[in-house]
Amino acid sequence: IEDYAYNNAIDNHIQLARIDLATATPEQRRQMAGEFIRLAPWHYTNVSGGRVMNPWYDTYPVWPRLGFLVNQVGSVGADGMTNQELQDLETIFFLHQISVPYVEGDYNLAERNDTVLQLLSKPGGTGFTQADTETVITIQREIMKQVIPAYAAVRATGQAEIITTPYYHPISPLLMMDTVPSDDGAHAIAKATWENDTREQYRRGFQDYVTHFGTPPVGVWNSENAVSEAIVPPMVDSGFQWTVSDQGVLYKSNGSAGQVGRSVDNQTAAYTVTVSGRTANVIFRDQDLSNKISFGWGGRPTQDAVNEFEAILQSRLQNMTNADNALLTIAADGENWMFLAGYPNDGRDFLHALYQRLQQLQTAGWVKTWTVKDFLAQPTLVKRPLTKLATGSWDGTNSLQTWSGEEEEQVGWA
């Protein structure tokens, strides 16, 4: 964010946008057409299956125009599109990355941006210029400057706990492995344990958080929820106290009585793991509930999805023997539920309905929402020690094959 906001970082889309369409090669035009339709279909869809996909479709002419341009890419391709069509597609691509309610001032009237609103309102959604694209990119950079202060403001209220990741978002357990196994069993990479690198990733992540928020983080989001015993010492030594992984990893781990059995009580307990004298707290996400949000409910009517969410909570509660000692955890990468699940309106409708329902259930007295740090800090909380923490990630397996094992991955690790 800071590279974009303050250092004028340039990515492949900005590079493409700065190619003069009058002199662009056929290959460059095809790249533009292919890249500038990389956006969620709800933006250029009015109503689908009885659901309003884009509530601003009829308000701003760019959205119907975008639908036409996407169809043009599919029907005639870049070779059959005019310079104006490609220019419109380019500018609208950057416009679509800006939150409409944000620039309308719905969250804060002071954040209203009439320049963006005028561009969204351009008659017919056409007639854009290269200068319009540059204007949008400049506004994006200004908006990005407000992201971390917005997080800090929410954090200061205690409403949310903001955590961070190892600095460059690595798969830390793979860094700590001395050998990366291959899928075929014949091309393992012996690389030694990269402990210094791992420690530096945690140290920088921790320090960067302190620099931006003034106080240290408590939790760390290990990339892809990937954990292993080997990452505990560098994680704890850096100052982090808790992390999260998947219930499938829990069920491959061992407690004092052997391998952890499958039950709601076990899944919702808080655990500790001690390695070389360093102890970390670990919670484990509800895989079914998390994955329904990430992948399953985007195509469902919002109220149906939220009703099923409540029903699952009720089912979990009925199978708890000590609800006061239980934390039902939902953990999901943002790009999954926001962009891959197919929620209309970038998931805003679902999120609003979900939080409204949680508020209702909390008022009803059978749900209590927590920040993880506050839950773990309860003096009466009984934490369960693990004698062995399995290696694994969000998919619940005890392998890290998504990021290792295939030929190109092994080349990278080599």
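Which residues form a negative surface patch? Select Asp-183, Asp-184, Glu-406, Glu-407 and Glu-408, and you have that patch on screen. Bear in mind as you click around that this is a predicted model.

**Stop 1: the patch and its loop**

Stay with Asp-183 for a moment. You'll find Asp-183 in the loop that runs between β3 (179–180) and β4 (189–190). Turn on the surface and look at how much of the residue shows: Asp-183 is partly exposed, with a relative accessible area of 42%.

**Stop 2: the open sheet**

Now switch to a cartoon view and look for the strands. Six of them make an open sheet, and the order across it is β5-β9-β8-β10-β6-β7, with mixed pairing. At the edges sit β5 (242–246) and β7 (258–259), each of which pairs on one side only. If you're new to sheets, here's the basic idea: strands pair through backbone hydrogen bonds, and they can do that in a parallel or an antiparallel way.

Select β8, residues 271–275. Is this strand mostly covered or mostly open? Mostly covered, with four of its five residues buried. Its two neighbours are worth visiting in turn.

Take β9 to begin with, residues 278–285. β8 and β9 run antiparallel, joined by five bridges. Click on Tyr-271 and then on Val-282, its bridge partner in β9. The two strands form a hairpin with two residues between them. Zoom in on the turn and pick Ser-276, which has a positive phi of about 50°.

Then go to the other neighbour, β10. Here β8 runs parallel to its partner, and three bridges do the joining. Tyr-271 turns up again: in β10 its bridge partner is Arg-384. A little further along, Val-273 stands opposite Leu-386 of β10.

Keep β10 selected (residues 384–388) and add β6, residues 254–255. These two pair in the antiparallel sense, over two bridges. To see one pairing up close, select Asn-254 together with Lys-388, its bridge partner in β10.

**Stop 3: two residues with a positive phi**

Most residues other than glycine have a negative phi. Two loop residues are worth a look with that in mind.

Start with Ala-192, in the loop between β4 and α11 (195–213). Its phi is positive, about 70°, although Ala-192 is not a glycine. With a relative accessible area of 46%, Ala-192 is partly exposed.

Next, jump to the loop between α11 and α12 (232–237) and select Asn-225. Asn-225 is not a glycine either, yet has a positive phi of about 55°. Is Asn-225 buried or exposed? Its relative accessibility is 2%, so Asn-225 counts as buried.

**Stop 4: salt bridges**

How many salt bridges does a search of the whole structure find? The count is 19. Side chains of opposite charge can pair when their charged atoms come close, and here are a few pairs to inspect as sticks.

Select Asp-88 and Arg-65. Their side chains meet in a salt bridge, 2.7 Å from N to O. This pair links distant parts of the chain, with Asp-88 in helix α5 (residues 83–95) and Arg-65 in helix α4 (residues 62–75), 23 residues apart. Asp-88 is buried, at a relative accessible area of 0%, and Arg-65 counts as buried too, at 15% relative accessibility.

Now move to Asp-288, where two salt bridges are waiting. One goes to Lys-292, with 2.7 Å from N to O. Lys-292 and Asp-288 are separated by about one helical turn, because they are four residues apart in helix α15 (residues 287–296). Asp-288 counts as partly exposed at 35% relative accessibility.

The other salt bridge joins Asp-288 to Arg-316, at 3.7 Å from N to O. Arg-316 lies in helix α16 (residues 302–318) and Asp-288 in helix α15, so this pair ties together parts that are 28 residues apart in sequence. Arg-316 is buried, with a relative accessible area of 14%.

For a final selection, pick Glu-195, Arg-199, Asp-237 and Arg-278 together: salt bridges that share partners join them into one network.

Technical notes: Residues numbered from 1 in each chain as written. Predicted model: local features only at pLDDT ≥ 70, side-chain atom pairs only at ≥ 80, totals over all residues. Heavy atoms only, no water. Patch = residues over 30% accessible without salt bridge, like charges linked within 9 Å, V, L, I, M, F, W, Y side chains within 5 Å. Areas by Shrake-Rupley, 256 points an atom, 1.4 Å probe, with all protein chains shown as cover. Salt bridge = Lys/Arg side-chain N within 4 Å of Asp/Glu carboxyl O. Lys, Arg positive; Asp, Glu negative; His and termini not counted. Charge placed at Lys NZ, Arg CZ, Asp CG, Glu CD. Buried < 20%, exposed > 50% of the residue type's maximum accessible area, 1.4 Å probe, protein only. Pairing = 2+ DSSP bridges.
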